[in-house]
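Grab a coffee and open the viewer. Here are some exercises to work through, each with its solution right below.

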Amino acid sequence: MTNSTGQNDATELVERYFSCMRAGDTGVADLFREDGFLLGLGMRTQGREAIRAFYTKSIATGGPQPRPAGPLLGDANRVAAEIFIDLADGTTMHVVDLFVVKDGLIQSLNYFVADEPAA
């Protein structure tokens, strides 16, 4: 969906998601549909309250600070993001996030860790 300025609404929502994450805002869960889900690292987190618990713990323990590796790639209700996530312990994760947006909220977020193992 495209708004009157020509910007992709799904892309704008994903930009808000990353802004919340950089701010350590656990309200990031409010950007998800009630029946939304996270899928990654062999886990499925289903429902807004479970997503809120996931982000509350992640923000408290990891202090994730995502930064883009390139531009967001949006096509209608789908957005892909390649990012680096700097964690409070000094490590950095290389991640690809795939978002699906429905009715103005995130329906799903699939995340793939692309880190190379230590030599």
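What percentage of the 119 residues in the protein chain is buried?

**Solution.** This is a predicted model, and buried residues make up 35% of the 119 residues in its protein chain. For the surface, the chain exposes about 6700 Å², and carbon and sulfur atoms supply 56% of that area.

**Exercise 1. Walk the chain from the N terminus and write down its elements.**

Start by counting: the protein chain has 2 helices and 7 strands. Now put them in order, which gives α-β-β-α-β-β-β-β-β from the N terminus on.

**Exercise 2. Check the overall dimensions against what a compact globule would give.**

Step one is the expectation: with 119 residues, a compact globule would have a radius of gyration near 14 Å. Step two is the value for this chain, which is 14 Å, so the two agree. Step three is the extent along the principal axes, where the C-alpha trace spans about 45 × 30 × 25 Å. Finally, look at the contacts with a separation of 6 or more: residues 24 or more positions apart account for 39% of them.

**Exercise 3. Classify two aromatic pairs by their ring geometry and place them in the fold.**

The count comes to 8 aromatic pairs. Take Tyr 17 and Phe 99 to begin with. Their ring centres are 5.1 Å apart and their planes sit at 70 degrees; planes over 60 degrees apart count as edge-to-face, so this pair is edge-to-face. Tyr 17 belongs to helix α1 (residues 9-23) and Phe 99 to strand β6 (residues 92-102), so the pair links distant parts of the chain, 82 residues apart. Both Tyr 17 and Phe 99 are buried.

Now do Phe 54 and Tyr 111. Here the centres are 6.5 Å apart and the planes are at 40 degrees, so the pair is tilted. This pair also links distant parts of the chain: Phe 54 is in helix α2 (residues 48-62), Tyr 111 is in strand β7 (residues 105-113), and their positions lie 57 residues apart in the numbering. As for exposure, Phe 54 is partly exposed at a relative accessible area of 22%, whereas Tyr 111 is buried at 13%.

To wrap up, collect the members: Tyr 17, Phe 18, Phe 32, Phe 54, Tyr 55, Phe 99 and Tyr 111 form one aromatic cluster.

**Exercise 4. Pick one cluster member, Tyr 55, and describe its surroundings.**

Tyr 55 lies in helix α2. Its relative accessibility is 3%, and under 20% means buried, so Tyr 55 counts as buried. Leaving aside neighbours within four places in sequence, Tyr 55 is in contact with Tyr 17, Met 21, Thr 26, Val 28, Phe 32, Leu 38 and Leu 109. One of those partners, Val 28, is 27 residues away along the chain, with 7.7 Å between the C-alpha atoms.

**Exercise 5. Is Thr 45 buried or exposed, and what does it touch?**

Find the residue in strand β2 (residues 43-46). Thr 45 has a relative accessible area of 12%, so it is buried. Beyond its neighbours within four places in sequence, Thr 45 is in contact with Gly 36, Phe 37, Leu 38, Ala 50, Ile 51 and Phe 54.

**Exercise 6. Compare the settings of Ala 80 and Asp 75.**

Ala 80 is in strand β5 (residues 78-86). At 21% relative accessibility, Ala 80 counts as partly exposed. Its contacts, again setting aside neighbours within four places in sequence, are Pro 71, Leu 72, Leu 73, Asp 97 and Leu 98. Val 96 is 16 residues from Ala 80 in sequence and 7.2 Å from it, C-alpha to C-alpha.

Asp 75 lies in strand β4 (residues 73-75). With a relative accessible area of 59%, Asp 75 is exposed. The C-alpha atoms of Asp 75 and Asn 8 are separated by 8.0 Å, with the two residues 67 apart along the chain.

**Exercise 7. Find two residues other than glycine with a positive phi.**

One is Leu 41, with phi near 55 degrees. Leu 41 lies in the loop between β1 (32-40) and β2, and it counts as exposed at 59% relative accessibility. Another is Ala 76, with a phi of about 60 degrees. Ala 76 sits in the loop between β4 and β5, and at 40% relative accessibility it counts as partly exposed.

Note on methods:
Residues numbered from 1 in each chain as written. Predicted model: local features only at pLDDT ≥ 70, side-chain atom pairs only at ≥ 80, totals over all residues. Heavy atoms only, no water. Helix = DSSP H or I, 4+ residues; strand = E, 2+ residues; numbered from the N terminus. Rg over C-alpha atoms; globule rule 2.2 N^0.38 Å. Buried < 20%, exposed > 50% of the residue type's maximum accessible area, 1.4 Å probe, protein only. Contact = heavy atoms within 4.5 Å. Areas by Shrake-Rupley, 256 points an atom, 1.4 Å probe, with all protein chains shown as cover. Phe/Tyr/Trp six-rings, centres within 6.5 Å; stacked < 30°, edge-to-face > 60°.
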